[in-house]
Amino acid sequence: MPHADASIRKGPARIQTSMIAVRPSAERGVAKLGWLESHHTFSFDQYYDPRHMGFRSLRVINEDHVAPRKGFPPHPHRDMEIVTYVLAGALLHQDTTGGGSVIHPGEVQRMSAGSGITHSEFNPSPGEPVHLLQIWIRPREKGIRPSYEQRDFSRQLETGALVTVASGNGANGAVAIQQDAELLAARLKAGARATHNLASGRHAWLQIARGAVEVNGV
């Protein structure tokens, strides 16, 4: 499931080819709570669309903007791999595994909810909002022991290449998720190109967080 650090080009209609379906960002679900603006790629909370319930093991991609000194109070999760990717600002994370840290751009956090975990997320800045993606992946096995992991990929992302930031075996310094899936990130400069070859029988979801890209001519 590649992810490019760039936003989906907005448009009035969905583009569909034999290989690629494009969903413009303006079609996503939106929640505005004053302190939080959240855009939901797939059905989430009060937003429900039976056409968009996830993509294979990928269940949630929420793009959140959290106001200064605001955040999500402690709340529980079970049986989900939750990956947090900060685009701008900083996010304070705390959970019942004892995990706790501030996540900055270039860092990736993985939380395996497993048999049950409670966590909170808070923007500690007095004046700067935080912009982040939170990604939920269904695990291959339920009821595992909850765990937490965070790694810094800033140097690798500066190269402009696709960087594997999460994978099922945690190879090459990626955070380890409990699913046969990979999460890749890239910061592409203007005019730059990146290639990812899918093995036979594999599928990909590309999330553009900022900017615009051309994918296989689309």
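**Briefing: an open four-stranded sheet and its chain**

Four strands of this chain form an open sheet, arranged in the order β7-β12-β9-β10, and their pairing is antiparallel. Strands β7 (71-77) and β10 (100-103) stand at the edges with a single partner strand each, so one side of each has no neighbour in the sheet. On average, neighbouring strands of this sheet are turned by 20° against each other, direction ignored. The model is predicted.

**Pairing within the sheet**

- Strand β7 is joined to strand β12 (residues 117-122) by five bridges, and the two run antiparallel.
- Two residue pairs illustrate this contact: His77 has Ile117 in β12 as its bridge partner, while His75 stands opposite His119 in β12.
- Strand β12 also pairs with β9 (residues 91-95), in the antiparallel sense and over four bridges.
- Within β12, Ser120 is the bridge partner of Gln94.

**The chain as a whole**

- The secondary structure of the chain consists of one helix and 18 strands.
- A compact globule of 218 residues would have a radius of gyration near 17 Å; the chain has 17 Å, and therefore agrees with that expectation.
- Taken along the principal axes, the box filled by the C-alpha atoms of the chain is roughly 45 × 40 × 40 Å.

**Burial, surface and charge**

- Of the 218 residues in the chain, 45% are buried.
- The chain exposes about 11400 Å², and carbon and sulfur atoms supply 50% of this area.
- The chain carries 24 positive and 20 negative charges, and the mean positions of these two groups are 3 Å apart.

**Arg193, a residue in a loop**

- Arg193 is placed in the loop between β17 (182-186) and β18 (207-208).
- Is Arg193 buried or exposed? Its relative accessibility is 79%, and a residue counts as exposed when this value is over 50%; Arg193 is therefore exposed.
- Along the chain, Arg193 and Gly143 are 50 residues apart, and their C-alpha atoms are separated by 41 Å.

**Points to retain**

- In the sheet, strand β12 is paired with β7 over five bridges and with β9 over four bridges.
- The edge positions belong to β7 and β10, each of which has a single partner strand.
- For the chain, the radius of gyration of 17 Å agrees with the value for a compact globule of 218 residues.

Key. Residues are numbered from 1 along each chain as its sequence is written. This is a predicted model: local features need pLDDT of at least 70, side-chain atom pairs count only at pLDDT 80 or more; totals for chains, interfaces and linings use all residues. Side-chain values use heavy atoms; hydrogens and water are left out. Two strands pair if DSSP finds at least two bridges between them. Axes are lines fitted to C-alpha atoms, for helices over the stretch in contact, and angles run from 0 to 180 degrees between N-to-C directions. The radius of gyration is taken over C-alpha atoms; the globule rule is 2.2 Å times the number of residues to the power 0.38. Buried means under 20% relative accessible area, exposed over 50%, partly exposed in between (1.4 Å probe, protein chains only). Accessible areas come from the Shrake-Rupley method with a 1.4 Å probe; for residues, only the protein chains shown count as cover. Lys and Arg count as positive and Asp and Glu as negative; His and the chain ends are not counted. The place of a charge is taken as NZ of Lys, CZ of Arg, CG of Asp or CD of Glu.
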